[in-house]
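Let's take a walk through a protein model together, one stop at a time. Keep the 3D view open so you can turn it as you read.

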Amino acid sequence: VKRAGRHDYRLFTAAMHLRAARHLQLVNLLRYAIERDQLRVVYQPQVSLLDQRIVGAEALLRWSTPELGDISPVEFIPAAEDSGLILQIGAWVLRQAVRQARAWLDAGLAPLVMAVNLSATQFRNTDLPELVSQILFEEGLPPEYLELELTEGVALHDPQGAITMMNHLHERGIRMSIDDFGTGYSSLSHLKKFKVYKLKIDKSFVRDISTDAEDKAIVSAIINMARSLGLKTIAEGVETAEQLAFLQQQHCDEMQGYYFSKPVAPLEFQGLLEGGKLL
Ligand code: C2E
Ligand code: CA
Ligand code: CA
Ligand code: CA
């Protein structure tokens, strides 16, 4: 049995206090992050397995503050969620990404699908379909060039609500994919009803794919299941040639990861696009 002495208790509450204070500080700084021009979007290529061409980009948010330096989205997205700021920030990211996709089309670069992450709060907001349509219209991007990434966990939290929202987005021609797939135990019956067109295999399964027999089996099963449901697959977190070889052998459709490129600034991404193949 763990001994919870007075000293441990003090350390525990001190740590909790620190975390709460940091959280509060983040929320306060985040409130002005947009107007202070501290947010930017970086883009990571999504690569077709068939010919190694860039067919998509994932928009990922970055935040730099004079007060605390660079803060990871893993830390500030939850703070943005809790404070409700995510609606404003999420709309901002969406517009930046859609505008960027339009700019690359205008520059005559090969068309790609722009993937943007959706948080739980955004997905539960009944105004979402209208907002997305409005941004696409204002920026002049046809909906087939956009894809919204929703984590499996958020989709499964309220499957019935998720189905309704996906149907509304689908009616407007807005595509969805399921992020971090494999971590949330979706059943086939859910997947059949979810209006999604792509599953994004979580990087925790991809990591040990060349050595771990269980991870091999899981990834292979996901790809086969997706194919039989008419869904595309993308693997995230691809870092090595061995992982690539296995995914190729399993006929995964697309890949994303440091092996091809880390997330980069728009200008650098454009350079990758102009270069054509990534390998
Ligand atoms: P995610 O959506 O699962 O994004 C993938 C994360 O994996 C990104 O981290 C990406 O930089 C990282 N990554 C890419 N390739 C590799 C690789 O080969 N190996 C490894 N180990 N990691 C790789 P990042 O940019 O730090 O974002 C972390 C999370 O923050 C994202 O996870 C997403 O949940 C959230 N996030 C980021 N931007 C946004 C946003 O605009 N909106 C929302 N709602 N969430 C965001
Ligand atoms: Ca994602
Ligand atoms: Ca993911
Ligand atoms: Ca994730």
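Before we start, one term: two strands count as paired if DSSP finds at least two bridges between them. Keep in mind, too, that what you're looking at is a predicted model.

Let's begin with strand S2, which covers residues 54-65. One of its partners is strand S1 (residues 39-48), and the two run antiparallel, held by nine bridges. To see one spot where they face each other, find Val 42: it stands opposite Leu 60 in S2. S1 and S2 form a hairpin with five residues between the strands, and there Gln 52 takes a positive phi near 60 degrees.

Now follow S2 to strand S3, residues 69-71. This pairing is antiparallel as well, with three bridges, and Ser 64 has Asp 70 in S3 as its bridge partner. Here the hairpin linking S2 to S3 uses three residues.

S2 also pairs with strand S4 (residues 113-117), but that pair runs parallel, with four bridges. Look for Ala 57, which sits opposite Met 114 in S4. So is S2 mostly covered or not? Nine of its twelve residues are buried, so yes, it's mostly covered, where buried means under 20% relative accessible area.

Next stop: the empty space inside. How many cavities of 30 Å³ or more does the structure hold? There is one, and the largest cavity has a volume of about 40 Å³. Its lining includes Trp 104, Leu 105, Pro 111 and Tyr 145. Sort the lining residues by class and you get nine nonpolar, no polar and no charged ones.

Finally, let's visit a metal site. Which residues hold the calcium ion (ligand 3)? Its donors come from Asp 179, Asp 180 and Glu 236, with Glu 236 listed for two OE contacts, and the distances run from 2.2 to 2.5 Å. Along the chain, these donors follow the spacing D-D-x55-E. Asp 180 lies in strand S6 (residues 175-181), while Glu 236 is in the loop between strand S8 (232-235) and helix H11 (241-249), so this pair ties together parts that are 56 residues apart in sequence.

The two differ in how covered they are: Asp 180 counts as partly exposed because its relative accessibility is 24%, whereas Glu 236, at 8%, is buried. Asp 179 has a second job to spot on screen: it bridges the calcium ion (ligand 3) and the calcium ion (ligand 2), which lie 4.1 Å apart.

Technical notes:
Residues numbered from 1 in each chain as written. Chains lettered and ligands numbered in written order. Predicted model: local features only at pLDDT ≥ 70, side-chain atom pairs only at ≥ 80, totals over all residues. Heavy atoms only, no water. Donors = N, O, S within 2.8 Å, 3.2 Å for Na, K, Ca; no water. Buried < 20%, exposed > 50% of the residue type's maximum accessible area, 1.4 Å probe, protein only. 1 Å grid on protein atoms, 1.4 Å probe; cavity = no way out; pocket = protein on both sides within 12 Å on 5 of 7 lines; lining within 4 Å. Points joined across faces, edges and corners; volume = space filled by probe spheres on them. Nonpolar A, V, L, I, M, F, W, Y, C, P; charged D, E, K, R; others polar.
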